[in-house]
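These are my notebook entries, written while I looked through one structure. I wanted to go from confidence and overall layout down to single side chains.

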Amino acid sequence: MSSLSISTATAFSLYSKPFLSLQSPPHQAKLFSLRFHHLRFQGNHGVVMKKNRRGFGAVCYSTPLTPQNLQWVCTVSSAVLMLSRGTAAQKSFLVPFFALQAPTSIISWIKGEYGAWTAFLALLVRLFFFIPGELELPFVALLLVIVAPYQVMNLRGTQMGAIVSLLIAGYLAFQHFSRAGSLQRAFNQGSVVASLAIICITAVSCLLFI
């Protein structure tokens, strides 16, 4: 009887060794569990993939409102407002606004060699050919950034520059909506683009001031 039990235990140990050899070592099993129970794939487009008990799920996140991103919003909105015709506001105020709120990369490009050549060629075209009024403001903004003294450009990124930009944006918004007559007319088909651009400029100026 004892020999039978010994042989049974030996056989069980022999048959169990292949199955035990297929198991992963403790540190590999721990790494495996860490990878699949707390797995995250993060991309560059604001989506994070998480695995939970029910499977994978997408979690979206928003890009932070950094001052650089807000400056790009101001620049695009200013350019759209310069080229739009659906507003009665005085667009010449957009030129100093652009100089104060444009991103540093754009200001560096304008003050560099490429910006000087662009201004030179635009001036030659302006002398010998007709340029529509909507294209004169970007040209004037280009020249203003090039010839502006450093004391004026040092206002960029300061509290005083934010205050001046906010005053300009508020004045443009007052002119636009007061001369439109009513809020409904300000969002008609011909002026909705200008209204949205002015709202973006005013909102971003408030955020930069805060």
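Entry 1, aromatic pairs. Before counting, I fixed the term: two rings of Phe, Tyr or Trp, taking the six-membered ring of Trp, form a pair if their centres lie within 6.5 Å, and planes over 60 degrees apart make the pair edge-to-face, under 30 stacked, with the rest tilted. The model I am reading is predicted, and with this rule I find three aromatic pairs in the structure. One of them joins Trp117 and Phe120, which are edge-to-face, with 5.9 Å from centre to centre and 90° between the planes. I looked up where these two residues sit, and both lie in helix 6, residues 113-128, three residues apart, which is about one turn of the helix. Trp117 counts as exposed, because its relative accessibility is 51%, whereas Phe120, at 43%, counts as partly exposed.

I then turned to Phe177 and Phe187, whose ring centres are 6.4 Å apart and whose planes meet at 40°, so this pair is tilted. Phe177 belongs to helix 9, while Phe187 is in the loop between helix 10 (183-186) and helix 11, so the pair ties together parts that are ten residues apart in sequence. I noted both as partly exposed, Phe177 with a relative accessibility of 26% and Phe187 with a relative accessible area of 35%.

Entry 2, confidence. I looked up the mean pLDDT of the protein, which is 76, and saw that 70% of the residues reach 70 or more. For residues 1-51 the pLDDT is below 50, and I noted that this stretch has 39 contacts in the model beyond near neighbours in sequence.

Entry 3, layout. I counted eleven helices and three strands in the protein, and reading along the sequence I wrote down the pattern α-α-β-β-β-α-α-α-α-α-α-α-α-α. Among the contacts with a separation of 6 or more, 60% are between residues 24 or more positions apart. Of the 210 residues, 29% count as buried, and the accessible surface comes to about 14600 Å², of which carbon and sulfur atoms hold 68%.

Entry 4, the core. Which residues have the most contacts inside the largest nonpolar core? I found Leu81, Phe98 and Val145, in a core of 30 residues. At least two residues of this core come from each of helix 3 (67-83), helix 4 (94-101), helix 5 (104-111), helix 7 (133-147), helix 9 (159-180) and helix 11 (192-209). I followed Leu81 further and, leaving out residues up to four places away in sequence, found that Leu81 touches Thr87, Lys91, Leu94, Ala194, Ala197, Ile198 and Ile201.

Entry 5, cysteines. How many disulfides does the rule give? The count is zero, where a disulfide would need two cysteine sulfur atoms within 2.5 Å. I checked Cys74, and the closest cysteine sulfur, in Cys200, is 8.9 Å away from its own sulfur, which is too far for a bond. Looking from the other side, I found that the closest cysteine sulfur to that of Cys200 is in Cys74. I also compared their surroundings: Cys74 counts as buried, because its relative accessibility is 1%, whereas Cys200, at 34%, counts as partly exposed.

Conventions
Residues numbered from 1 in each chain as written. Predicted model: local features only at pLDDT ≥ 70, side-chain atom pairs only at ≥ 80, totals over all residues. Heavy atoms only, no water. Core = buried A, V, L, I, M, F, W, Y, C linked by side-chain atoms within 4.5 Å. Buried < 20%, exposed > 50% of the residue type's maximum accessible area, 1.4 Å probe, protein only. Helix = DSSP H or I, 4+ residues; strand = E, 2+ residues; numbered from the N terminus. Contact = heavy atoms within 4.5 Å. pLDDT = per-residue confidence, 0-100. Areas by Shrake-Rupley, 256 points an atom, 1.4 Å probe, with all protein chains shown as cover.
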